[in-house]
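Good morning, colleagues. I should like to take you through one structure today, beginning with a term and then moving from single residues to helix packing and overall organisation.

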Amino acid sequence: MTRGELSRTIKHDIEVLVAEAVAKAQEAGELPALALPESPVERPPRPEHGDYASTLPLRLARAAGAAPLEIAGIIARHVQPTEAIASVEAAPPGFVNFRLSEAWLAAQVDAIVAAGESFGDVPLGLGQKVQVEFVSANPTGPLTVATGRGLAIGDTLASVLAAAGYQVEREYLVNDAGTQTETFASTLYARYQQLFGREVEVPAGAYTGDYVVDLAGEIRDDYGDKFLDGGQPYPPEVHDIGIQKMVRLIQDDLAAMGVRYDVWFSEHSLYQSGTYEKAMALLKERGFVSEKEGAVWFASSTLGEDKDNVLVRSSGRPTYFASDVAYHYDKFFVRAFDRVIDVWGADHQGHVPRMKAAVSALGVDPERLVIIIHQLITIRRGSQEVRVSKRAGDIVTLREVVDEVGPDAARFFFVTRAADSHMDFDIDLAQRQSAENPVYYVQYAHARIAGILAHAQERVADFVDGDVSLLSHEAELALIRRMLQFPELIESIALSLEPHPLPYYAMDLATSFHDFYEKCRVVSDDVALSKARLKLAAAAKLVLARALRLMGMTAPDRM
RNA sequence: GCCCCAGUAGCUCAGUUGGAUAGAGCAGCGGUUUCCUAAACCGCAGGUCGCGGGUUCGAGUCCCGCCUGGGGCCCCA
């Protein structure tokens, strides 16, 4: 096998080599003709075991009726040697260990530099249309810290999927049609009237945060007393203006976190475009709608749910669930996404089974809808827990955190935890540790390389002709090995849809670079070696920058 | 009561989908700068992987039970 377009990753190449070796051993009658179990090659934890290892013999032993070590020996003997592989060995109790050729490793630096920005891309998605919808917080208040998590997960996932060859759209659903926005508008209008000295009470369940008062002030400044006698509970313009301003605020907050959405989808538009009616009609046509107790129900119990769910209240108003059914109808039928990924907080987990049931009731394979649930964040100031409630007005805003610790540190923090894990966010600690945040460790490696390249510019003419075969130091090879993991990581994240390994990788890559820096003088009197090492440093800079950018962070040249 | 998630070093968390001697960051202790960025590097210390059973060549990882914490079980979103 030669290096080329067909090879996704060296890991993949080795998996192919193993499969071919088994097939040859079977032809030769040395192994029984058995169907092979799934057995991806893995990375041995200890360097003396090589770069990659197959555990296939261990999995095959019972069915083959032979000792694992013996099978490992047979497979190792049948592996076709390639320029990339230096050695193949059987090791007890039944591993097949592969060691990469150092000459081949060194040559990969040229490949990485040639690939440039596209190093790390893997042909997995093949242009499939994927939508990632995340955050989608109600436009009834500023974004809270809690939304930072969905933001980091969703945005990073979208970036990684794009790198993996998917056609990705980021989407924010603006809930501009529900009862929450009505309560919000009522509160806003009450505040507005109060600003003109009227004795008006805020409604029950009102949004008592000061930001509503500020917003009312803005409306007064912009429109004067125009809406003062606009009717009850609020004039429609106040509702719309309020939502609009709130959405703009949210957009600003998201921009401050480095997120750009492709689509801002209005819930209200589902009712104007006729999508809602079409979705309900399809559901009815397929026999999943029933009427009882004066309401319209989704017969989810026929799909294995423990109960039915209301679509249209007896008052005639659709529920949030009905909106969401129509919304997903739009995603799959109108816009025809191959795959839809919704990122929700754990407080919505109860909504997952019925949403999946609804999608399948619409006739869509429920596998095409992936709902990622992330656990909630507990916010503390020191030892004191902060209850976050938009309505009560006790909010720790995302903006507040960004302003204090910076977007890069915030993004890094949010994306580093697995979605399934609960998260403690201590604001005091975040401030104190912002300078200790590992993101700076990664960024520093990038800045260090930029410094070296600038330094070299004055001494070494150019290093495009650098001969990378001169790279043979352990630290150099370790850095190259680390970089070659990058495409594997992209592939792995695109499959698992769990972005949290990315920051860990970035730290490891930075460590490999710092170690190389300590042990290998880059710019020295040895011009040939300098050029080779400059090329290696430039490659590392590329990969660091890309890892950071995938997480929505900056890659500074100076710190 | 039922369902989902978690419990790993003092703290915050990873753990390659069941593999070889369980790791990182921070905190603690000690060391490294005539030299491209010391926001770095090297070393030391720190563990009954919540508890108890089970599955098998092999379990932090899978199954069962229990304990603790978070979330859910509305004609709320």
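A residue is called buried when its relative accessible area is under 20%, exposed when that value is over 50%, and partly exposed in between. Ala336, with a relative accessible area of 40%, is therefore partly exposed. Please keep in mind throughout that the model before you is predicted.

Let me stay with Ala336 for a moment. This residue sits in the loop between α11, residues 320-334, and β10, residues 339-345. Its phi is positive, at about 55°, although Ala336 is not a glycine. Glu293 is a further non-glycine residue with a positive phi, in this case near 55°. Glu293 belongs to the loop between β7, residues 289-292, and β8, residues 295-298. Its relative accessible area is 70%, so Glu293 counts as exposed.

The backbone also contains cis peptide bonds, and I shall mention two. The bond from Pro92 to Pro93 is cis, with omega near 0°, and Pro93 is placed in the loop between β2 and β3. Another cis peptide bond joins Gln232 and Pro233, where omega is about -5°. Pro233 is found in the loop between α7, residues 210-223, and α8, residues 236-256.

From the loop that holds Pro93, we may step into strand β3, where Asn97 is located. Is Asn97 buried or exposed? Its relative accessibility is 9%, and Asn97 therefore counts as buried. Leaving aside residues up to four places away in sequence, Asn97 touches His49, Tyr52, Ala53, Ser87, Val88, Glu89 and Ala91. Glu42 is 55 residues from Asn97 along the chain, and the C-alpha atoms of the two are separated by 9.6 Å.

Strand β3 also takes part in covering helix α3. In that helix, residues 68-78, the buried residues are Ile71, Ala72, Ile74, Ile75, Ala76 and His78. Their cover includes α1 (10-27), α2 (56-64), β2 (85-91) and β3 (95-100).

For a contrasting position, consider Asp428, in helix α15, which runs over residues 427-433. Asp428 has a relative accessibility of 29% and so counts as partly exposed. Between the C-alpha atoms of Asp428 and Leu477 there are 41 Å, with the two positions 49 residues apart along the chain.

I turn now to helix packing, with two pairs. The first pair is α4, residues 102-115, and α19, residues 527-550; their axes come within 9 Å and cross at roughly 50°. At what orientation does that leave α4 and α19? An angle from 35 up to 65 degrees is neither roughly parallel nor roughly perpendicular, and α4 and α19 are therefore oblique to each other. The crossing of these two helices is left-handed. On the α4 side the meeting residues are Val109, Asp110, Ile112 and Val113, and on the α19 side they are Lys535, Leu536, Ala539, Leu542 and Val543. Sorted by class, this contact has seven nonpolar residues, two charged residues and no polar ones.

The second pair is α5, residues 147-163, and α14, residues 407-416. These helices pack at an angle of about 85°, and their axes are 8 Å apart. Helices α5 and α14 are therefore roughly perpendicular to each other. Gly148, Arg149, Leu151, Ala152, Asp155 and Thr156 make the contact from α5, and Arg411, Phe414 and Val415 make it from α14. By class, four of the contact residues are nonpolar, two are polar and three are charged.

Finally, the overall organisation. Chain A contains 19 helices and 14 strands. Its C-alpha trace spans about 85 × 60 × 45 Å along the principal axes. Of its 559 residues, 52% count as buried. Among contacts in chain A with a separation of 6 or more, 74% come from residues 24 or more positions apart.

How does the domain assignment divide chain A? Domain 1 covers 3-99, domain 2 combines 106-124 with 435-550, and domain 3 covers 179-256. The centres of domain 2 and domain 3, taken over C-alpha atoms, are separated by 52 Å.

Thank you for your attention.

Key: Residues numbered from 1 in each chain as written. Chains lettered and ligands numbered in written order. Predicted model: local features only at pLDDT ≥ 70, side-chain atom pairs only at ≥ 80, totals over all residues. Heavy atoms only, no water. Domains from an automatic or database assignment. Axes fitted to C-alpha atoms, helices over the stretch in contact; angles between N-to-C directions. Helix = DSSP H or I, 4+ residues; strand = E, 2+ residues; numbered from the N terminus. Parallel < 35°, antiparallel > 145°, perpendicular 65-115°, else oblique. Left-handed = near helix turned anticlockwise from the far one by under 90°. Contact = heavy atoms within 4.5 Å. Nonpolar A, V, L, I, M, F, W, Y, C, P; charged D, E, K, R; others polar. Buried < 20%, exposed > 50% of the residue type's maximum accessible area, 1.4 Å probe, protein only.
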